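Biologist: I have the sequence and the fold in front of me. Can you walk me through the strands, and then a few side chains?

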Amino acid sequence: MRYGLIVFDWDGTLIDSAGAIAECIQEAARDMGLAVPAHERARHVIGLGLQASLRLAVPDLPEARTMEFVACYRRHFLAKEEAMQLFPGVIGMLDALRGRGHALAVATGKSRRGLDRALESSGLRAYFTATRCADETTPKPDPAMLRELLEELGAAPGESLMIGDTSHDLQMASAAGVDALAVCYGAHSESSLRALRPRACLASVAQLEQWLTRHA
C-alpha cells in the first residue's frame, strides 16, 4: 500500500455542490445590492474559509457588512442543501478503500457545523477516521489542516494522498509535502488543476476509483 492515508476534500469532490454554492454567493450579492460575481469567479473561491471566500468573490463587499453577507449566503445554502447529492460511485469507492485498509479523512473549507450536518445527511460519517474544517485552523491553501490530520493520525507526508477539485487543495498538499490527485468534475477547470501538476486529473468518480485501485 503506497498511501496509508487518503484525505478528501468535500464540496465538489465527494458531493455535487459546487454549482449550488456559486449560485448562493450570487444570490446573496443580489439580495444585498452588490455587484453579482460571474459564475466562474464564484466557483473559484470554493474551498477557502467562508468569510475569505465571500470577500474574494464579492470584492466590493464592505467589511462592516461581512457577517450580514455570511448570514444571507447561509440562508440560500440551507435552502439548497437537501438537494445536494453525493457523486455517483462515492460510497462504493469509499467501501473499497476502507476494505483495503486505507485510513480516510476529510479536509474541507466548510465549517465544523456544516460538515457535521453533511456527514450525517450523507451517511458518510463512519468512513472517516478524522476530519478538519476551515473554522478550526488556518484555511486552505495553507497546509495547516493537512499537517494537523497527518499528526493526529500518525501518517507520514510521503505515505499520504490529498484528493480535491480546486487549486486550493493542490496548493495545500504541495506545501505539506503530500502527493495530490485532482478531480476535474468540481469547482475548478481542468487546465488550472493540471497547471499545478497533480499525480493525475480524473474526470469522474469511476476514473478516480480506477486510479486508486491501481496506484494507491
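Modeller: Start with strand β4. S160, M162 and G164 point one way from β4, L161 and I163 point the other way, and all are buried. Keep in mind that this is a predicted model.

Biologist: How many residues of β4 are buried?

Modeller: β4 covers residues 160–164 and is mostly covered. Both of its faces carry buried residues. The count of buried residues is 5 of 5.

Biologist: Which strands are joined to β4, and do they run parallel or antiparallel?

Modeller: Strand β1, residues 5–8, is joined to β4 by 4 bridges. There, L5 stands opposite S160. Another 4 bridges join β4 to β5. So that the term is clear, strands pair if DSSP finds at least two bridges between them. The strands joined to β4 are β1 and β5, and both pairings are parallel.

Biologist: What is the bridge partner of G164 in β5, and which helix does the chain pass through from β4 to β5?

Modeller: In β5, G164 has A182 as its bridge partner. The chain crosses from β4 to β5 in a right-handed β-α-β crossover. The partner is A182, and the helix is α8, residues 167–176.

Biologist: Now β2. Which strands pair with β2?

Modeller: β1 pairs with β2 over 4 bridges, in the parallel sense. I6 stands opposite L104 in that pairing. β2 also has a parallel pairing of 4 bridges with a further strand, β3. The strands are β1 and β3.

Biologist: Is the crossover from β2 to β3 right-handed or left-handed?

Modeller: T108 in β2 has C133 as its bridge partner in β3. Between these strands the chain passes through helix α6, residues 112–122. The β-α-β crossover is right-handed.

Biologist: Is T108 buried or exposed?

Modeller: T108 is found in β2, where 5 of the 6 residues are buried. Its relative accessible area is 1%. The cut-off for buried is under 20%. T108 is therefore buried.

Biologist: Which backbone nitrogen lies 3.0 Å from a polar atom of the T108 side chain?

Modeller: Leaving aside neighbours within four places in sequence, T108 is in contact with several residues, including D9, W10, R132 and K140. The backbone nitrogen lying 3.0 Å from a polar atom of its side chain belongs to K110.

Biologist: Is T138 buried, exposed or partly exposed?

Modeller: T138 is in the loop between β3 and α7. Not counting residues up to four places away in sequence, T138 touches A144 and M145. Its relative accessible area is 41%, and the partly exposed range lies between 20% and 50%. So T138 is partly exposed.

Biologist: What kind of aromatic pair do F87 and Y185 make?

Modeller: A search of the whole structure finds 2 aromatic pairs. In the pair of F87 and Y185, the ring centres are 4.6 Å apart and the planes stand at 65°. Planes over 60 degrees apart count as edge-to-face. The pair is therefore edge-to-face.

Biologist: How many residues apart are F87 and Y185?

Modeller: Both residues are buried. F87 is in the loop between α4 and α5, and Y185 in the loop between β5 and α9. The pair links distant parts of the chain, 98 residues apart.

Biologist: Over which ring does the charged end of R98 sit?

Modeller: The charged end of R98 is 4.3 Å from the ring centre. The cut-off for that distance is within 6 Å. The ring is that of Y127.

Notes: Residues numbered from 1 in each chain as written. Predicted model: local features only at pLDDT ≥ 70, side-chain atom pairs only at ≥ 80, totals over all residues. Heavy atoms only, no water. Phe/Tyr/Trp six-rings, centres within 6.5 Å; stacked < 30°, edge-to-face > 60°. Helix = DSSP H or I, 4+ residues; strand = E, 2+ residues; numbered from the N terminus. Buried < 20%, exposed > 50% of the residue type's maximum accessible area, 1.4 Å probe, protein only. Lys NZ or Arg CZ within 6 Å of the ring centre and 35° of its normal. Polar contact = N/O pair within 3.5 Å; in protein donor to acceptor, adjacent residues only side chain to side chain. Contact = heavy atoms within 4.5 Å. Right-handed = clockwise from strand over helix to strand, strands pointing away.
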